[in-house]
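Take a look at the charged side chains and the cysteines in the structure below. The paragraphs that follow go through them in turn.

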Amino acid sequence: MKKHKFLIFSLFAVICLTILAVDFLDDGGLFFDNLGHASDPHDIEIAQKEYRRFSNIQLGNSCEGVQEIMHSCGRLIHTNKIGMVKEYTYVWTDDEIKITCSFRDDKLYAKSINGFDICELWPHNKKIKFDAEAYEQIKMGMSYEEVEKLLSNRGLLISKSEYGDGRITQLYSWENQKHERVNVMFVDGHVSNKWQFGLEKSSSSN
């Protein structure tokens, strides 16, 4: 029974992190401002620095290990205990960029990042060209490499987590030169869901 509750809570925590990531995407938090203004050089430097740190954080890291990567203790925002299992979440904030990490018995099982423009990391994204037709070709079960080929560029990893049963979930985002966005969820490296924002022809997930 305790194991069942543990798996349910783990799934709930992963879903919450994913919703947070999708919410900030939908609000435009990750991309260009409404006028497509160029980013301030200082903001670009901060975004690149924080994303490098985010990329260096690996599932399974200890809380101390993550704190060393982040060069600070972070802020504890959530704690929970199910049976003998302890879970807690820390957040690190630099300017508007926020990195959130959740731990289970001192091992990282979920991470996410938000609060910056994708162009601050990859200015060449302005040249990316994909459309509703490319989006519609993304099918459930496709690999990341297949999606990357369809959308003409690598995606930006904004969250990664591990279910209680060991499955790895990743959320990637793409934006084209028209500021249209595609978000794709992968479970164990294969498409499990997709969303699009702004494409002329909307398409429901298959």
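Start with lysine 49, which forms a salt bridge with glutamate 50. The closest N and O atoms of this pair are 3.7 Å apart. The model is a predicted one. The cut-off for a salt bridge is 4 Å between a side-chain nitrogen of Lys or Arg and a carboxyl oxygen of Asp or Glu, so the 3.7 Å of this pair falls within it. How do the two partners differ in burial? Lysine 49 is partly exposed, with a relative accessibility of 29%. Glutamate 50 is buried, at 3% relative accessible area.

Glutamate 50 has another partner in arginine 53. Here the closest N and O atoms lie 3.2 Å apart. Both residues belong to helix 2, which covers residues 41–56. They sit 3 residues apart, or about one turn of the helix. Arginine 53 is buried, as is glutamate 50.

These contacts belong to a wider set. Which residues are linked in a network of salt bridges? The members are Lys49, Glu50, Arg53 and Asp94.

Now move to the strands. Glutamate 87 forms a salt bridge with arginine 104, and their closest N and O atoms are 2.8 Å apart. This pair links distant parts of the chain. Glutamate 87 is in strand 2, residues 85–94, and arginine 104 is in strand 3, residues 97–104. The two are 17 residues apart. Are these partners buried or exposed? Glutamate 87 counts as buried at 3% relative accessibility. Arginine 104 is also buried, at 14%. The cut-off for buried is under 20%, so both values qualify.

In general, side chains of opposite charge can pair when their charged atoms come close. In this model the count of salt bridges comes to 5.

Turn last to the cysteines. How many disulfides does the structure hold? The number is 0. Why does cysteine 63 not bond with cysteine 73? The sulfur of cysteine 73 is the closest cysteine sulfur to that of cysteine 63, but it is 8.2 Å away, too far for a bond. A disulfide needs the two sulfur atoms within 2.5 Å. Cysteine 63 is itself buried, with 7% relative accessible area.

Cysteine 101 gives a similar account. Its closest cysteine sulfur is in cysteine 63, at 8.5 Å, and that is too far for a bond. Cysteine 101 is buried, with a relative accessibility of 0%.

Terms used: Residues numbered from 1 in each chain as written. Predicted model: local features only at pLDDT ≥ 70, side-chain atom pairs only at ≥ 80, totals over all residues. Heavy atoms only, no water. Buried < 20%, exposed > 50% of the residue type's maximum accessible area, 1.4 Å probe, protein only. Helix = DSSP H or I, 4+ residues; strand = E, 2+ residues; numbered from the N terminus.
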